[in-house]
Amino acid sequence: MFKLFETLLRGQAARAAEEIFDRNALLILDQQIRETRAGLERGRQALAAAVAGDRAEARRLEEAEARIAALEAQAVAALRGGRDDLATEAAASIADLEAERDALKAARARFAAEIGRIRARVADATRRQAELERGRRVAAAQEAVRRLGAGAARQDAATLREAEATLARLGALQAEAADTEAALAEAEPGRDIGARLERAGFGPAPGSAGTPTGGAVLERLRRRAAEPVSEPAAETVSATA
């Protein structure tokens, strides 16, 4: 029984941890990205240090080879001049410099191998970091849309219901206003009988005369043109003697 309770507690703890992770997934991802970014920066610093060390070894190697060449030329000149003692000391120094040169070459070979490994790791980490940050931006946008959609769906449903109620109320008010206007028009004195007489063919209803048209004006002008024209009165002309 005790083992069963222990298993149940572990299951509840695991479920609680999963729920916490799900609710804070973006926050956890942000922290992980910060940590990987810091690791990438450390890798870049290590690469820079390795490259700087290799360059320093390259300068020391060049200096050693230059000293070897100079001492060899001087030792040859000493031998030609019969100074075997000086040539012997120069040969010992040249041997030491050649040992240092070989050590520097070995160090540079190790630096080159290490730089290659670090450079490959940094390149891979840079690529993966860029993909991770792009994925994070996409995930953040999708999460924002999801949260906005969930809230907007509830809000839109409520707004639609309110808009439908407003439209129904507006339609009722407009219908009521139209009924009132029609009732007032019917209650106007003589309006009903005048319209009925007009429909029966007994002339236009009072107040129903429309705006004069061009055809009516032309007909009136024709009637005036058909009327006889009166002669103008004769003018009396005074003759002067």
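## Briefing: a five-helix predicted model

Glu 57 sits in helix α2, and it makes a handy way into this predicted model. The protein chain holds five helices and zero strands, so α-α-α-α-α is the pattern you will meet as you read along the sequence. Much of what follows concerns α2 (25-80) and helix α3 (residues 84-186).

**The chain as a whole**

- Of the 241 residues in the protein chain, 13% count as buried.
- The protein chain exposes about 19,200 Å², and carbon and sulfur atoms supply 58% of that area.
- Among contacts with a separation of 6 or more, 75% are between residues 24 or more positions apart.

**How confident the predictor is**

- The mean pLDDT of the protein chain is 76, with 65% of its residues at 70 or more.
- Compared across the elements of the chain, α2 has the highest mean pLDDT, 89, while helix α4 (residues 191-199) has the lowest, 62.
- In residues 233-241 the pLDDT is below 50; apart from near neighbours in sequence, this stretch has zero contacts in the model.

**Helix α2 and what follows it**

- Helix α2 is made of 56 residues.
- From its first C-alpha to its last, α2 reaches 82 Å, close to the 82 Å expected at 1.5 Å a residue.
- After α2 comes Gly 82, which has a positive phi near 80°.

**The largest nonpolar core**

- Seven residues make up the largest nonpolar core: Leu 40, Leu 47, Ala 50, Val 51, Ile 115, Ile 118 and Val 122.
- The elements giving two or more residues to this core are α2 and α3.
- The biggest contribution to this core comes from α2, with four residues.
- As general background for reading such a list, an α-helix has 3.6 residues a turn, so residues three or four places apart point the same way.
- Val 51, one of the core residues, touches Ile 115 and Arg 119 when residues up to four places away in sequence are not counted.

**Glu 57 in α2**

- Glu 57 counts as buried because its relative accessibility is 13%, under the 20% cut-off.
- Beyond its neighbours within four places in sequence, Glu 57 is in contact with Leu 104, Ala 107, Arg 108 and Phe 111.

**Gln 129 in α3**

- Helix α3 is where you will find Gln 129.
- With a relative accessible area of 7%, Gln 129 is under the 20% limit and is therefore buried.
- A polar atom of the Gln 129 side chain lies 3.4 Å from the backbone oxygen of Ile 33.
- Setting aside neighbours within four places in sequence, Gln 129 is in contact with Ile 33, Thr 36, Arg 37 and Leu 40. Of these, Leu 40 also appears in the largest nonpolar core.

**Leu 132 in α3**

- Leu 132 is found in helix α3 as well.
- Its relative accessibility is 32%, so Leu 132 counts as partly exposed.
- Without its neighbours within four places in sequence, Leu 132 is in contact with Leu 29, Ile 33 and Thr 36. Ile 33 and Thr 36 are also among the contacts of Gln 129.
- Leu 132 and Gln 32 are 100 residues apart along the chain, and 10.0 Å separates their C-alpha atoms.

Key:
Residues numbered from 1 in each chain as written. Heavy atoms only, no water. Buried < 20%, exposed > 50% of the residue type's maximum accessible area, 1.4 Å probe, protein only. Contact = heavy atoms within 4.5 Å. Areas by Shrake-Rupley, 256 points an atom, 1.4 Å probe, with all protein chains shown as cover. Polar contact = N/O pair within 3.5 Å; in protein donor to acceptor, adjacent residues only side chain to side chain. Core = buried A, V, L, I, M, F, W, Y, C linked by side-chain atoms within 4.5 Å. pLDDT = per-residue confidence, 0-100. Expected span 1.5 Å × (residues − 1).
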